[in-house]
Amino acid sequence: MTKTKPAASSRGSTALRIISLLGALACAAVVVLYPRAIAEDATGVPHGALVGMLFGMSILWVYGFGFTPQHRIFRYLLSPLLGWILLLGFGWIVFCR
């Protein structure tokens, strides 16, 4: 059995996790409760940008609930920085185009 170090939980880390959860929750709420904010009909949906935004939202859910991958590559792929970049970058395209 391998020993693992407990995750360092600092005040900043907890605040970032809460902010990430709130960002993911806000994105999910807008998409589910008011889909017309994205497009008036199914033909006007920017599918590529929507997928990118939802990937960012998913990364923020994963980070917000406290999951930290052991493998270095997955730590980069599931980092909150990448999640926020995807959510805000593609969210700009989806909502403000």
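The exercises below work through a predicted model of one protein chain, each with a solution in steps.

The model is predicted, so that local features need pLDDT of at least 70 and side-chain atom pairs count only at pLDDT 80 or more, whereas totals for chains, interfaces and linings use all residues. Residues are numbered from 1 along each chain as its sequence is written, and side-chain values use heavy atoms, with hydrogens and water left out.

**Exercise 1. Secondary structure and the record**

Task: State how many helices and strands the chain has, and then examine the spans that UniProt lists for "transmembrane region".

Solution. Step one is the assignment itself, in which helices (H or I, at least four residues) and strands (E, at least two) are DSSP runs, numbered from the N terminus. On this basis the chain has 4 helices and 0 strands, and its elements run α-α-α-α from the N terminus on.

Step two turns to the record: an unreviewed UniProt entry lists residues 49-66 and 73-95 under "transmembrane region", with positions given in the numbering used here, feature names shortened, and annotations that may be inferred rather than shown by experiment.

Step three sets these spans against the model. Residues 49-66 are 89% helix and 0% strand, with their end C-alpha atoms 26 Å apart; residues 73-95 are 91% helix and 0% strand, and their end C-alpha atoms lie 31 Å apart.

**Exercise 2. Accessibility and a surface patch**

Task: Determine what share of the chain counts as buried, and decide whether L22 is buried or exposed.

Solution. Step one fixes the classes: buried means under 20% relative accessible area, exposed over 50%, and partly exposed in between (1.4 Å probe, protein chains only). Of the 97 residues of the chain, 28% count as buried.

Step two applies the classes to L22, which is found in helix α1 and counts as exposed because its relative accessibility is 52%.

Step three places L22 in its surroundings, where I18, L22 and L25 form a nonpolar patch on the surface with about 290 Å² of accessible area together. Patches are made of residues with over 30% relative accessible area and no salt bridge, like charges being joined within 9 Å and nonpolar side chains (Val, Leu, Ile, Met, Phe, Trp, Tyr) within 5 Å; the areas come from the Shrake-Rupley method with a 1.4 Å probe, and for residues only the protein chains shown count as cover.

**Exercise 3. Side-chain pairs**

Task: Identify the residues whose side chains meet in a salt bridge, explain why the pair of W61 and F65 has its class, and find which ring the charged end of R17 sits over.

Solution. Step one concerns the salt bridge (a side-chain nitrogen of Lys or Arg within 4 Å of a carboxyl oxygen of Asp or Glu), of which the structure holds 1. The side chains of R36 and E40 meet in it at 2.9 Å, N to O; R36 is partly exposed, with a relative accessible area of 48%, while E40 is exposed at 58%.

Step two concerns the rings of Phe, Tyr and Trp (its six-membered ring), which pair if their centres lie within 6.5 Å, planes under 30 degrees apart counting as stacked, over 60 as edge-to-face and the rest as tilted. The count by this rule comes to 1 aromatic pair. The ring centres of W61 and F65 are 5.8 Å apart and the planes stand at 10°, so the pair is stacked. W61 is partly exposed at 26% relative accessibility, and F65 is exposed at 63%.

Step three adds the charged end of R17, which sits over the ring of Y63, 4.3 Å from its centre; the rule requires NZ of Lys or CZ of Arg within 6 Å of the ring centre and within 35 degrees of the ring normal.

**Exercise 4. Contacts across the sequence**

Task: Give the C-alpha separation of P80 and Y63, and that of T14 and G64.

Solution. Step one takes P80, a residue of helix α4 that counts as buried because its relative accessibility is 18%. The C-alpha atoms of P80 and Y63 are separated by 6.4 Å, although the residues are 17 apart along the chain.

Step two takes T14, in helix α1 (residues 11-33), which counts as partly exposed at 36% relative accessibility. T14 and G64 are 50 residues apart in sequence and 8.7 Å apart in space, C-alpha to C-alpha.
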